[in-house]
Amino acid sequence: MTDIASETDVLLQADPRDQDRAAQKRHSPIAGFWRTPKSRVGLIILAFFVLLAIFGPLLAPYDPNALSDDLLQPPSWDHLFGTTQTGQDVFSQFMVGARSVMVVGTIAGLVATVISVIVGINAALFPGIADELLSALANVFLVIPALPLIILIAGFIPSGGGWITVALVISVTAWAWGSRVIRAQTLSLRNRDFVQAARATGKSTWSLITVEILPNLVPIIAGSLVGTINFAILSQVSLSFIGIGSSNDWNWGTILFWAQGQQALAQGAWWWFIPPGLAIAVLGMGLTLITLGIDEFVNPKLRPGGLDKKALKRAGVRSRVGYTAVLLEEEPS
Amino acid sequence: MKYILRRIFFYAITAWAAITINFILPRLIPGDPVQSLLNRFKGQISDEAAQSLYVLFGLDTSKSLWDQYIEYWGQLFRGDLGLSFTFFPTPVSEVIGQSLPWTVVLVGVSTVIGFILGTVAGVLAGWRRGGWAERLIPVTSFFSSIPYFWLALLMIAIFAVNLGWFPDSGGYDIFTDPGWNWPFIASAIYHGILPALTIVISSFAGWMLGMRNMMVTVTNEDYVVVAHAKGLDERQVNFAYAARNAILPSVSGFALSLGFIVGGSLLTEMVFSYPGIGFVMFQAVQAKDYPLMQGVFLVITFAVLVANLIADMAYVFLDPRTRSEV
């Protein structure tokens, strides 16, 4: 909103061609999304971790499992994140672990989102018994606490299964929220004029879904995908931290599992448990910011309130409900 | 009333689903992990206890699946969840019975505190858009992304190991006598502060963000503008008009958030070796104690359902529309 206000000023001064370009830029959804500070920060963070997942394992200076004589060393140039109780290099474990975290999170998120799209759209398009059943199923999975269920399922799989199993188990429990949001949005789209018009021209249900409805669901689906990936990463790391799941695979949860088990806390080995947890939190923050950015993109009401504080002060306005709204609506005209 | 009945019906379905998942899971997994456990404890288990484990895990393959299912239900109604292998030969129900009060008090109290603090902060943030609270959002999204168990580790590192203000594990001083006496209760509170703080900090941000978003939506409604135009005092508009309506989704969304918070709280208990049900689950997972794992899952699910029902009743109290018999 602040941007719109300042842009109006610019538009008044600039020559018409710039004006066109600026207007175009303003209307491009991608550019609008990028300009929201939240989503920009989020995307930059995400890009960093994607790079880490791609190149991390290649850049790891040591074998993450290799023991050495440098026991419990604080960070140094030889060992950027120090070493563990058994002389393993924490930085190498961290770099190697990045890939597993991102891959499992992405796969689980993708599978869960595909399920939620299928369930959500079908529930919305086939009212009656199908909708009732699908919605009830989604609600049941929403209410049953996910982490204990994941722990239970993963615990039953002999030796925890590989990382693909872990990703699938997580996605089984993670699809419900997305499907509810998608169902709600599809329901509201279904009765809009353009969908009704397409239906009246005799289009098949399939083409209604793919041509008319799906494109309008993209922001919602994207938001739910990012949110699910976030949840999946947390779940996977939690599983590894408890010591189930892919135990011979390094990820950030595994590092914390060993740190906790080998008394890193009592020995003050902060370099051992700070980096992995911090990375999880920063990555989670990035994903949350992207979700928030998408939310704001879908629902402009959620954008941070109108003018910033200084501008308000200059206008002699105290930020207050009702008043701000009036100010904003008059501004662009 | 109708609303509550509908919710109870739904929770009954959920409970049935959870029990059925519990029934099906061990029967899907090849290799009979329980059979190998049984073999290990051969001779130490009474016939009766062995029989109940046979029913729980479907080791008796001579019976049809349907008969097994009926038998399973019958056993659940008698409160028989089998024997725990970790705490051999204590029955699972007894192990859970001992640990459940710890979890209910710790998670219950800290969840409620987190909800109240987060909601109030969300009301303030949504009310004054563009103010300081707005700038807190990236910070809160960072805090909400911190895994519970890592925050718990940090708490221990800072307040228990470095500063030595609080104990780093356990639920009470082992030199006190558990019961309704002051030294024990005081030590239990003292031990509970760090885990509770962890849960409050972690859950706070989610409530705040949700409430803030609802406040922003609600403050654009006509009735809020009208309340303003009437010249009502700002605080009155905020709490009696805007917040009162904005809180509804928070309460009805309690169910969804609760599952997540409970999951995180279990991990917190594990890190603190708190004598609650999360730590029991941790021990069960470590030891592949399947009867205990299943029992814990069921009890946690039931506890969450009960908490949801309470939230529903609060919802009926807050939203008069649910009370009208239309």
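**Exercise 1. Which residues does Val296(B) touch, not counting residues up to four places away in sequence?**

Solution. Start from Val296(B) itself and skip its neighbours up to four places away in sequence; what is left is Ile96(B), Ile277(B), Val280(B), Met281(B) and Ala284(B). Keep in mind that we're working with a predicted model here.

Next, zoom out to the core. Val296(B) is among the residues with the most contacts inside the largest nonpolar core, along with Ile150(A), Ile151(A) and Met281(B). That core has 139 residues. Helix 5 of chain A (residues 90–125) gives the most to this core, namely 16 residues. Apart from it there is another core of 23 residues, including Phe115(B), Phe204(B), Met211(B) and Met214(B).

**Exercise 2. Is helix 12 of chain B mostly covered or mostly bare, and what covers its buried residues?**

Solution. First, count: eight of the 10 residues in helix 12 of chain B are buried, so call the helix mostly covered.

Second, name them. The buried ones are Ile277(B), Gly278(B), Phe279(B), Val280(B), Met281(B), Phe282(B), Ala284(B) and Val285(B).

Third, look for the cover. Chain A brings in helix 7 (146–156) and helix 11 (205–242), while the cover from chain B includes helix 5 (92–127), helix 11 and helix 13.

Last, step past the end of the helix: Lys288(B) follows helix 12 of chain B and has a positive phi, near 55 degrees.

**Exercise 3. How do helix 1 and helix 13 of chain B run relative to each other: roughly parallel or roughly antiparallel?**

Solution. What do we need? Two packed helices are described by the angle between their axes and the distance between the axes.

For this pair, the axes of helix 1 of chain B and helix 13 of chain B come within 10 Å and cross at roughly 170 degrees. Angles over 145 degrees count as roughly antiparallel, so helix 1 of chain B and helix 13 of chain B are roughly antiparallel to each other.

Now for the residues. Helix 1 of chain B contributes, among others, Tyr3(B), Ile8(B), Ala15(B) and Pro26(B), and on the helix 13 side of chain B you'll find residues including Tyr290(B), Phe297(B), Leu305(B) and Val316(B). Sorted by class, this contact has 16 nonpolar, five polar and two charged residues.

**Exercise 4. Where does domain 1 of chain B touch domain 2 of chain B, and which helix supplies the largest share of the domain 1 side?**

Solution. Set the bounds: the domain assignment gives domain 1 as 2–77 and domain 2 as 101–323 of chain B. Their C-alpha centres lie 32 Å apart.

Then take the contact, where 16 residues of domain 1 of chain B meet 15 residues of domain 2 of chain B. On the domain 1 side, helix 1, helix 2 (33–40) and helix 3 (47–57) of chain B each supply at least two residues. Helix 1 of chain B has the largest share, 11 residues. By class, that side splits into 13 nonpolar, two polar and one charged.

**Exercise 5. How many residues does each chain put into the contact between chain A and chain B, and which helix of chain B supplies the largest share of its side?**

Solution. Tally the two sides: 59 residues come from chain B and 55 residues from chain A. On the chain B side, the helices that each supply at least two residues include helix 1 (2–28), helix 8 (182–218) and helix 13 (290–318). The largest share, nine residues, belongs to helix 11 of chain B. The chain B side comes out as 37 nonpolar, 18 polar and four charged residues.

Terms used: Residues numbered from 1 in each chain as written. Chains lettered and ligands numbered in written order. Predicted model: local features only at pLDDT ≥ 70, side-chain atom pairs only at ≥ 80, totals over all residues. Contact = placed C-beta atoms within 7 Å. Helix = DSSP H or I, 4+ residues; strand = E, 2+ residues; numbered from the N terminus. Nonpolar A, V, L, I, M, F, W, Y, C, P; charged D, E, K, R; others polar. Domains from an automatic or database assignment. Core = buried A, V, L, I, M, F, W, Y, C linked by C-beta atoms within 7 Å. Buried ≥ 20, exposed ≤ 12 C-beta atoms within 10 Å, placed from the backbone. Axes fitted to C-alpha atoms, helices over the stretch in contact; angles between N-to-C directions. Parallel < 35°, antiparallel > 145°, perpendicular 65-115°, else oblique.
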